[in-house]
Amino acid sequence: MPRLRPTPYHRIGSSSRHRRCRMLPLSRAAIMACRHSPSQTAWPRERLPSHRVALGRSRSRSGFGSNCDAGGANFLRATSPEAEMRLDGVNYSIGGLVGQRDFAFLNVSELPELTSPAGAFRYSAHRTGAPTARYKWAPGVRHSDASLSWPPRGLTLSVDFVAPEGAPAAHRDVVVTVVYALYRGLPLYEKHVAVTCSGRGGSVVLESLATDVLRLTNEATGYWPHAERGHITGASTSGRVHMASEMTRGTKDPSRGTTRLGPDESCTTCTQGNGALLLRSVYPRGPAAQLGPAGFHGRSFASFRTYVLLHDSDEAERQGLALRRMYRTLAPQVTENPTFLHLTDATEAGIRRAVDQCAAVGFEMIILSFGSGLDMESTDPAYVRSVAASVEYAHSRGIELGGYNLMASSRRVGHAGDCVNASGAWNGAACLASSWSDGYFRRVKDFIEATGLDAIETDGPYEGQSCASKEHAHHRGEGSSALT
C-alpha cells in the first residue's frame with residue numbers, strides 16, 4: 001500500500017502542502033455535492049463553502065483522489081447517499097447518485113452521466129455557519145490546555161432534502177437536514193441527521209436510520225480490517241478511517257453498536273481483502289420515532305452525532321496521536337488534570353480528615369467514591385446540609401469536592417422505571433426514558449446545586465439495554481428504546 005509522508009500534527013496548516021491536508025474533510029463536501037444530480041442540485045461548485053475543494057484524480061483504480069499529499073492513497077471508491085431511512089415501511093435514500101458502472105472504483109469522467117435515484121429525497125437548500133458550544137467549559141480550568149478553543153474553530157454545513165414526487169402525503173411534509181461540522185487543523189467531520197415533520201398530512205414513524213454510508217477502498221480499510229466480518233467495535237480504527245458516535249459503547253455486539261462494517265452487495269468486482277468495504281453509522285434499533293404535531297416524539301428528531309477521522313498513515317502510534325487530538329478538540333475537558341483521590345468515607349469527620357491531608361500534601365480534589373455512602377439522590381434536608389457543610393470546609397482549604405453516582409447500569413428501581421424484556425422481566429438496567437428518570441435527574445441536579453459539589457463521577461449512564469415497555473413516558477416499545 002502506498003504510504004503517506006508523515007507530517008507532525010502540530011504542523012498541520014503551516015505550509016501550502018499542509019493547508020491542502022487541512023482541507024481534506026472538505027473533499028468530503030465536494031463528494032457530497034456530487035451525490036446529487038447536476039440537473040437538480042441547484043448547488044453549483046461556486047456556491048460550495050468558501051474553501052476551494054475539488055475531486056482529486058486518483059493515481060490508481062481505487063476511486064476519488066484525496067486532494068492531499070497522500071502518496072496515491074484513496075478513501076472512497078464509489079458514491080453513496082448522505083443517509084438512509086425508513087418511514088412508515090418505505091425505504092428512502094437521502095440524496096445520492098445512480099449510474100456508476102463499477103463500484104470497485106469511480107471513473108471521474110462518468111460524473112456528468114450520474115443522476116439522482118428515483119424515489120430519493122432531493123436537495124432543497126443549504127446553509128453554512130460556525131460550530132457552537134454544546135456545554136459550558138473554560139480553557140485552562142484544572143490545568144487543562146489553555147490554548148484550546150471552545151467551541152472549536154471550524155465550519156458547519158446544513159443541507160435540506162425534501163420528499164420526492166409521488167411520495168405519500170404524510171411524507172411530503174418531511175424535511176431531512178444533514179448537518180456537517182468540519183474543524184480547523186483536523187481531518188475529521190462530525191455529522192448528524194435531523195428529520196422534521198410539519199404534519200399537515202399526518203404523523204410519520206421514523207422506523208430506521210443510517211446517518212452515514214461510505215463505500216471504502218481496500219486501502220481505507222487496511223485490506224484486512226481489524227474486525228470481525230459484519231461489524232467493528234463502536235469506536236475502533238480500521239485501516240485509514242476511524243468512525244465512532246455518541247452512542248459508541250466499545251462493544252462487538254452488533255445489536256448495541258452503531259458502527260457497522262460489512263460487504264457491499266453493489267460491488268461484484270471487489271475481490272481483495274475480506275470484502276468488508278461498506279461502512280455505515282446506523283441505529284442498532286429503531287429509532288422508531290413518531291413525528292408530527294401530535295407525534296409521540298414531537299415534530300423533529302435529531303440523531304446521534306457520528307465522527308469520521310481520516311488517517312494519513314498506517315502507523316498505530318501516529319493514528320493514536322490523531323485520535324487524541326480529535327478528543328482534545330471535541331471534548332477538551334479531557335485535558336483537565338487535577339491531582340485527586342477517591343475517598344470511601346463520606347461522613348463529615350472522614351471528609352474533614354481527608355481534606356486536611358490533601359491540603360497538607362498538595363492534592364486538589366476529592367471524589368466521594370463508590371462505597372463511600374454518599375447518596376446524591378437524597379432529598380433529606382439534614383443530610384443535604386451535612387454534605388453542604390463538608391463542601392464548604394473543603395473549599396475553605398482550597399480543595400474541590402465531588403461524588404460518585406450510579407445512573408442506570410445494573411439498577412432496579414421498580415417496574416415503572418426498569419428496562420424490561422418482552423415478557424416483562426427486568427432487562428439489566430434502569431430505563432432512562434421512563435418517568436423515573438425525570439425524577440432521578442431532577443434530584444441529582446437539586447442535590448448538586450444545594451450542596452455546592454464541584455464534580456460528579458457517573459457510572460453506567462448508557463448501558464445499551466433495550467426496553468420493551470409500552471408504558472414508559474419517553475418511548476414506546478423496544479424500537480424507540482434506543483433513544484434511552
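A salt bridge here is a side-chain nitrogen of Lys or Arg within 4 Å of a carboxyl oxygen of Asp or Glu. Keep that in mind as you work through the exercises below, and remember that the model is predicted.

**Exercise 1. Salt bridges across the chain**

Task: Find which residues share a network of salt bridges, then work out which parts of the chain the pair Glu84 and Arg280 links and whether Glu84 is buried or exposed, fully or partly.

Solution.
- Step 1. Begin with the whole structure, where a search finds 21 salt bridges. Arg77, Arg215 and Asp264 are linked in a network of such bridges.
- Step 2. Now take a pair: Glu84 and Arg280 form a salt bridge through their side chains, at 3.2 Å from N to O. Glu84 lies in strand E1 (residues 83-87) and Arg280 in strand E11 (residues 276-282), so the bridge connects distant parts of the chain, 196 residues apart.
- Step 3. Check the accessibility of each partner. Glu84 has a relative accessible area of 26%, so Glu84 is partly exposed. Arg280, at 24%, is partly exposed too.

**Exercise 2. A bridge with a buried partner**

Task: For the salt bridge between Arg443 and Glu377, find the N to O distance and decide whether Glu377 is buried or exposed.

Solution.
- Step 1. The side chains of Arg443 and Glu377 meet at 3.8 Å, N to O.
- Step 2. Locate the partners: Arg443 sits in helix H7, and Glu377 in the loop between strand E16 (365-368) and H6, 66 residues apart.
- Step 3. The cut-off for buried is under 20% relative accessible area. With 16%, Glu377 is therefore buried. Arg443 has 25% and is partly exposed.

**Exercise 3. Two helices in contact**

Task: Determine how the axes of H6 and H7 are oriented and which classes of residue make their contact.

Solution.
- Step 1. Helix H6 (residues 381-396) and helix H7 (residues 435-451) have axes that come within 8 Å and cross at roughly 50 degrees. That crossing makes H6 oblique to H7.
- Step 2. List the residues in contact: H6 contributes Tyr383, Val384, Val387, Ala388 and Val391, while H7 contributes Phe447, Ala450 and Thr451.
- Step 3. Sort them by class, and the contact of H6 with H7 has seven nonpolar residues, one polar and no charged ones.

**Exercise 4. The surroundings of strand E1**

Task: Say which residues of E1 lie on its covered face and how E1 runs relative to E2 and E7.

Solution.
- Step 1. In a regular strand, side chains alternate between the two faces of the sheet. On E1, the covered face carries Ala83, Met85 and Leu87, and the uncovered face Glu84 and Arg86.
- Step 2. Five bridges join E1 to strand E2 (residues 90-94), and the two run antiparallel. Across this pairing, Glu84 stands opposite Ser93.
- Step 3. E1 and E2 form a hairpin with two residues between them, and Asp88 in the turn has a positive phi of about 50 degrees.
- Step 4. E1 also pairs with strand E7 (residues 204-215), antiparallel and through four bridges. Here Met85 stands opposite Leu209.

**Exercise 5. A parallel sheet**

Task: Give the strand order of the open four-stranded sheet and explain why one side of E15 and of E20 has no neighbour in the sheet.

Solution.
- Step 1. The order is E15-E16-E17-E20, with parallel pairing.
- Step 2. E15 and strand E20 (455-459) are at the edges with a single partner strand each, so one side of each lacks a neighbour in the sheet.
- Step 3. From one strand to the next, the twist averages 25 degrees. E16 and strand E17 (residues 400-406) are joined by four bridges, and Ile366 has Leu401 in E17 as its bridge partner.

Key:
Residues numbered from 1 in each chain as written. Predicted model: local features only at pLDDT ≥ 70, side-chain atom pairs only at ≥ 80, totals over all residues. Heavy atoms only, no water. Axes fitted to C-alpha atoms, helices over the stretch in contact; angles between N-to-C directions. Parallel < 35°, antiparallel > 145°, perpendicular 65-115°, else oblique. Contact = heavy atoms within 4.5 Å. Nonpolar A, V, L, I, M, F, W, Y, C, P; charged D, E, K, R; others polar. Buried < 20%, exposed > 50% of the residue type's maximum accessible area, 1.4 Å probe, protein only. Pairing = 2+ DSSP bridges.
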